[in-house]
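Colleague: I am new to reading protein models. Could you take me through one and tell me how each label is earned?

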Amino acid sequence: MTLQVVEIEGEKRRLEGFTPPEGVPIAFTIATAGTRLGAQMLDFVLTLTVIVLAVIGLLYTRALDFNASVTLISMLALLTRVPYYVLSELLWNGRTIGKRLTGIRVISADGRRLRPSQIVARNMMKEAEFLAPAQVFLMGGESGLMLVLTFLWVCGVAGFFLRNKRRQRLGDVIAGTLVVEQPRAVLLPDLSLAADLPDSAGLIFAPAQLDIYGRHELQALEAILRTPPTGESGQESIRRVAATITRKIGHEPLPLGQELEFLRAFYTAQRAHLERLRLYGTARENKFHAEGQGGKR
Amino acid sequence: MSVGPAPTRPELRSARFRQEREPGWRRLETLVTRAERGGPQALDYDDARELATTYRQAMNSLSVARDISLDRALLAYLESLCARAWLVVYAPQESLGGLFTRLISKDIPQAVRRSAVPLVIGYVALILGALTGWTLFYDDQDWFYRLIPPSLFDLRGPDAPTSYLRQTLYEGAGTIADDLTAFAAFLFSHNSRIAILVFAVGIFGALPSFLLTFYNGMILGLFFALFQSRGLEFDVFAWLSIHGVTELAAIAIACAGGARLGLAVLLPGEQTRREALRQAGGDAVKLAVLAVLLLVVAALVEGFLRQTVQAPWARLSIGWGLGAVWVLWLALAGRERGGR
């Protein structure tokens, strides 16, 4: 299975077809450009702070003589660049401190574990893509031509990063890595078991009534029931949803105040119906299944 | 675990499925959370074994749930639970020491032997650069000032007297070790940054790497020509050899790493460029790591030995001796026994 990127609401993109060795594809959310920039800035500030603190400490305490101080600082300046990123991503499985704080991490695009050579590759390229240009701009003292060239370079690198769907920078392409959001898992209760529904005749549905809707509508209803809108306008919108459904399936109009109960019962019945159909090979994607679109998978 | 007071008889198959499997998922979740907090060390032997079993069960659940369940919350939960568990189960396992040993004993030499063409490109860039610099110097000495940034040559220009030039080759005999450490550290951080840059810009069709290496070679050629014009060629050759054999090899190898990337972009063959880059990436990065390692050695030699070893013959034999060691290591290490 090949990797695919599907846009979901707003900036977010979902990565599909990512297959671990077990052969069951799992989905990740690709980290947005903003989050990654944030993580990079955090790391950058953090490493700079370490160096500045070391310089201040050495100046203040005079613990070491001049030469030893210079040695220490220049080694520190070196260690806080590529080695910092490589070691932290190696030790924390694809996370630097900035990435930990922003909740993103590096994964290998082939579904295997993240290999050290991949980590080294993406971070060596980071030196050229981000750290070296940042140094040119921060330190100053370069000629105008150099600044223009660096600016063009940064534009090219950023353009590549923003233009590809998987949000890979050059280093990610070479290493074969992706940066994704740390998955968070919360198991919500099963709605079909949530309520003790009365077996009143009004809440039993005939198969014909359940043949109208498909998966999409069922899951939209699920979203409404999981977080029922509150307040006056919320009540109103629930009433409207219930009214639409009763009209579509030819159910008698509901007495006031029973809408939520009706929706729950309808959800359970509809889900049971669709799941049974699915088991026998008929997957109804949405309410247009009768017209031949989206009926079969 | 929420199996306890379950409703008497769930009528949905998917709900029953969930009730049966949920304890396993909860168990996996606790194990994964523990491993996420404290690393894999937080799990003892039995836990780790249980992690593997429950992970496979959860993967299986996910596969089944996709077919039989339309409960989006359940699918989302299983998907992220499996993703989290995958991240814990398939984490890097190498120790840093083991990694380094394998890199030295096998990976780097093999990568070098697979990269003959890029290595030729790297050395050709360097040698052509040196020849150009050398010719330019004899053409017009002003090239020296035009091409070399002042910070690099200090006073060692064509206008300096021969006695001064000779002195620069043999200065610093009495320097104390403290100065030398600082000097070596500075050299290394400066050179390694250049090497990484030479490597990384190679992705744009290898040409930028080639040009940077060519430029480095040109500086070398100009310097050599300057000293040669004063009859100091043997002295400067020895002075350059002691660290230069290693340092210039590092630059050429970094260029070869860049060329590897560039060639993958220019000539991807049957694959997409993205795929070709990914395949070339592994070897290219090993070349870059090799370049940085060589620079560590070169900086130590340049920082310490060049000042303390003054005799030209000693300088020559140290420099070229080191070079021979590198060649032997890269040519012989990590060969598979028995052959295929």
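Modeller: Happily! Let us start with a definition: a salt bridge is a side-chain nitrogen of Lys or Arg within 4 Å of a carboxyl oxygen of Asp or Glu. Please keep in mind that this is a predicted model, where local features need pLDDT of at least 70, side-chain atom pairs count only at pLDDT 80 or more, and totals for chains, interfaces and linings use all residues. Residues are numbered from 1 along each chain as its sequence is written, chains are lettered from A and ligands numbered from 1 in the order in which they are written, and side-chain values use heavy atoms, with hydrogens and water left out.

Colleague: What makes Lys99(A) and Glu89(A) a salt bridge?

Modeller: Their side chains come to 3.0 Å, N to O, and the rule asks for within 4 Å, so the label fits. Lys99(A) lies in helix α4 (residues 97-102) of chain A and Glu89(A) in helix α3 (residues 82-91) of chain A, so this pair ties together parts 10 residues apart in sequence. Helices here are DSSP runs (H or I, at least four residues), numbered from the N terminus.

Colleague: Why is Lys99(A) called buried?

Modeller: Buried means under 20% relative accessible area, exposed means over 50%, and partly exposed is in between (1.4 Å probe, protein chains only). Lys99(A) has 6% relative accessibility, so Lys99(A) counts as buried. Its partner Glu89(A) is buried as well, with a relative accessible area of 0%.

Colleague: Which parts does the salt bridge of Asp172(A) and Arg36(A) tie together?

Modeller: The closest N and O atoms of Asp172(A) and Arg36(A) are 2.9 Å apart. Asp172(A) sits in helix α7 (residues 170-175) of chain A and Arg36(A) in helix α1 (residues 33-61) of chain A, so the pair joins parts that are 136 residues apart in sequence. Both Asp172(A) and Arg36(A) are buried.

Colleague: How do you know that Arg226(A) and Glu222(A) are separated by about one helical turn?

Modeller: They are four residues apart in helix α10 (residues 215-226) of chain A, which is about one helical turn. They also form a salt bridge, with the closest N and O atoms 3.2 Å apart. Glu222(A) is buried at a relative accessible area of 3%. This pair belongs to a network of salt bridges that links Asp190(A), Glu222(A), Arg226(A), Arg271(A), Glu275(A) and Asp71(B).

Colleague: How many salt bridges are there over all chains, and how many between chain A and chain B?

Modeller: The structure holds 28 over all chains, and the count between chain A and chain B is three. Glu79(B) forms a salt bridge with Arg14(A), where the closest N and O atoms are 3.4 Å apart.

Colleague: What makes a residue part of the contact between the two chains?

Modeller: Contact means heavy atoms within 4.5 Å. The contact takes 73 residues from chain A and 70 residues from chain B. Together the chains bury about 6200 Å², with 66% of it on carbon and sulfur atoms. That buried area is the accessible area (1.4 Å probe) that two parts lose on being put together, summed over both. Arg113(A), Met124(A) and Leu187(A) supply 12% of the area that chain A buries against chain B, more than any other three residues.

Colleague: Why is chain B called more spread out than a compact globule?

Modeller: The radius of gyration is taken over C-alpha atoms, and the globule rule is 2.2 Å times the number of residues to the power 0.38. Chain B has a radius of gyration of 30 Å, well over the 20 Å the rule gives for 340 residues, so chain B is more spread out than a compact globule. Its C-alpha trace spans about 100 × 45 × 45 Å along its principal axes. Chain B has 13 helices and zero strands, a strand being a DSSP run of E with at least two residues. Of its 340 residues, 49% count as buried.

Colleague: And why is Val148(A) called partly exposed?

Modeller: Val148(A) has a relative accessible area of 48%, and that falls between the 20% and 50% limits, so the middle label applies. Val148(A) is placed in helix α6 (residues 144-163) of chain A.

Colleague: What about Gln209(A), buried or exposed?

Modeller: Gln209(A) has a relative accessible area of 14%, so buried is the right word. Gln209(A) lies in helix α9 (residues 207-210) of chain A.
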